[in-house]
Amino acid sequence: MRILKIAFVVLLTLSVTLTAFAGGGWTQPKKSGYFKLGQSFLIANHYYQPNGDIVDITTISLYATSLYGEYGITDRITGMVYFPFFVRSTLNQIEFTSGREPVPGDAVNSLGDADVSFKYGLITEGPVVLSASLTLGIPLGKTAGGDTRILQTGDGEFNQMITLEASHSFHPLPMYTTALIGLNNRTKNFSEEFRYGLEVGYTFAEKLITQIRIYGVSSFKNGDAAGGGGNSIFANDTEYLAITPEIAYQIQSNFGITASAGFAAYGKKILANPNFMVGAYFTF
């Protein structure tokens, strides 16, 4: 059962970090904004063990409905919020071939952990822009839900992450690249993390936007190896490299739809199945 406790936290962590590249190194102009309503879903029956090997597990799932927003407070300062306002975690019934009674399935519905960020434009003019961000992770999710008390929609810790993002526009070619590095400070005996990423985007016919993101997390392993708070419920020292292709279609000048699929190409203490997301976005 311990592997299930770890997996639910990791599942939510992966779905949240896939939003990290939104906006890249560019800040929103003053009083302009970008908002997205998203639905992600992950159904997993494989798990990366601490040594990186993949093993089978009882199928677990997570469905997260979220709002993501960016708003230009000034031309250099952008406020950002990621809020998963409905998260459902489920565990399939466990069957035994030995004749033992099956273990019933379980489910929990709750809020998820939210992120509040502020991005400051260090370099805002020219083909290359650079920004720095401070992200505060707000622990709103459940850490012990359902009848089994092992279903989770959050990790219970308050974290603070500093990120640098550099983006380059290839104008007049409709293409851009973004590179990212970050340091994530975590509380409750979780290890600090180094985060890094690369994104490439290209727009076809001014309507179809294609992107591919590579996002990695590496643990400093300076926390409690058994888990946050020393109680083995929370995942700690999670590591992975996620590859996420995404497409967006601009239906109108300020409205569009998007879809993505995130794959963990490498991992430790993380689910080995893809995370899918669909959404609709609005700009002004």
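**View A. F83, with a relative accessible area of 28%, is a partly exposed aromatic residue.** The model shown here and in the views that follow is predicted. F85 is likewise partly exposed, at a relative accessible area of 34%. A search of the whole structure yields ten aromatic pairs. In one of them, the ring centres of Y71 and F284 lie 6.3 Å apart and the ring planes meet at 35°, so this pair is classed as tilted. Y71 belongs to strand 2 (residues 54–72) and F284 to the segment after strand 14 (275–283); the pair therefore links distant parts of the chain, 213 residues apart. Y71 counts as partly exposed because its relative accessibility is 35%, and F284 is partly exposed at 44%. The rings of F83 and F85 also form a tilted pair, since their centres are 6.3 Å apart and their planes stand at 45°. A pair of aromatic rings is described by both the distance of the centres and the angle of the planes. F35, Y71, F282 and F284 together form one aromatic cluster.

**View B. Strand 7 (residues 159–169) pairs with strand 6 (residues 128–138) and with strand 8 (residues 175–185).** Strand 6 and strand 7 run antiparallel and are joined by ten bridges. Within this pairing, A132 stands opposite L164 of strand 7. The pairing of strand 7 with strand 8 is also antiparallel and also extends over ten bridges. Here H168 has T177, in strand 8, as its bridge partner. Strand 7 and strand 8 form a hairpin, with five residues between them. In a regular strand the side chains alternate between the two faces of the sheet.

**View C. S167, a residue of strand 7, has its side chain in a polar contact with the backbone of G25.** A polar atom of the S167 side chain lies 2.7 Å from the backbone nitrogen of G25. S167 counts as buried because its relative accessibility is 1%, where buried means under 20%. Leaving aside residues up to four places away in sequence, S167 touches G24, G25, W26, P127, V128, V129, T177 and T178. One of these contacts, T177, is the bridge partner of H168 in strand 8.

**View D. The largest nonpolar core comprises ten residues.** Its members are L42, A44, Y47, I57, I60, L91, V108, I150, L151 and L271. Strand 1 (33–48) and strand 2 each supply at least two residues of this core. Strand 1 gives the largest share, three residues. Apart from this core lies another one, of eight residues, which includes L180, Y215, A264 and I270. In soluble globular proteins, nonpolar side chains tend to be buried together.

**View E. D155, E157, R186, E193 and R195 are linked in a network of salt bridges.** The count for the structure comes to eight salt bridges. In this network, the side chains of R186 and E157 meet at 3.1 Å, N to O. R186 lies in the loop between strand 8 and strand 9 (193–204), whereas E157 lies in the loop between strand 6 and strand 7; the pair links distant parts of the chain, 29 residues apart. Both members of this salt bridge are buried, R186 with a relative accessible area of 10% and E157 with one of 2%. The side chains of R195 and E193 meet in another salt bridge, at 2.7 Å, N to O. R195 and E193 are both buried. Side chains of opposite charge can pair when their charged atoms come close.

**View F. K221 and E239 form a salt bridge through their side chains.** The N-to-O distance is 3.0 Å. K221 is located in the loop between strand 10 (208–219) and strand 11 (239–252), and E239 in strand 11, so the pair ties together parts 18 residues apart in sequence. K221 is partly exposed, at a relative accessible area of 47%, whereas E239 counts as buried at 6% relative accessibility.

Technical notes: Residues numbered from 1 in each chain as written. Predicted model: local features only at pLDDT ≥ 70, side-chain atom pairs only at ≥ 80, totals over all residues. Heavy atoms only, no water. Pairing = 2+ DSSP bridges. Helix = DSSP H or I, 4+ residues; strand = E, 2+ residues; numbered from the N terminus. Phe/Tyr/Trp six-rings, centres within 6.5 Å; stacked < 30°, edge-to-face > 60°. Buried < 20%, exposed > 50% of the residue type's maximum accessible area, 1.4 Å probe, protein only. Core = buried A, V, L, I, M, F, W, Y, C linked by side-chain atoms within 4.5 Å. Salt bridge = Lys/Arg side-chain N within 4 Å of Asp/Glu carboxyl O. Polar contact = N/O pair within 3.5 Å; in protein donor to acceptor, adjacent residues only side chain to side chain. Contact = heavy atoms within 4.5 Å.
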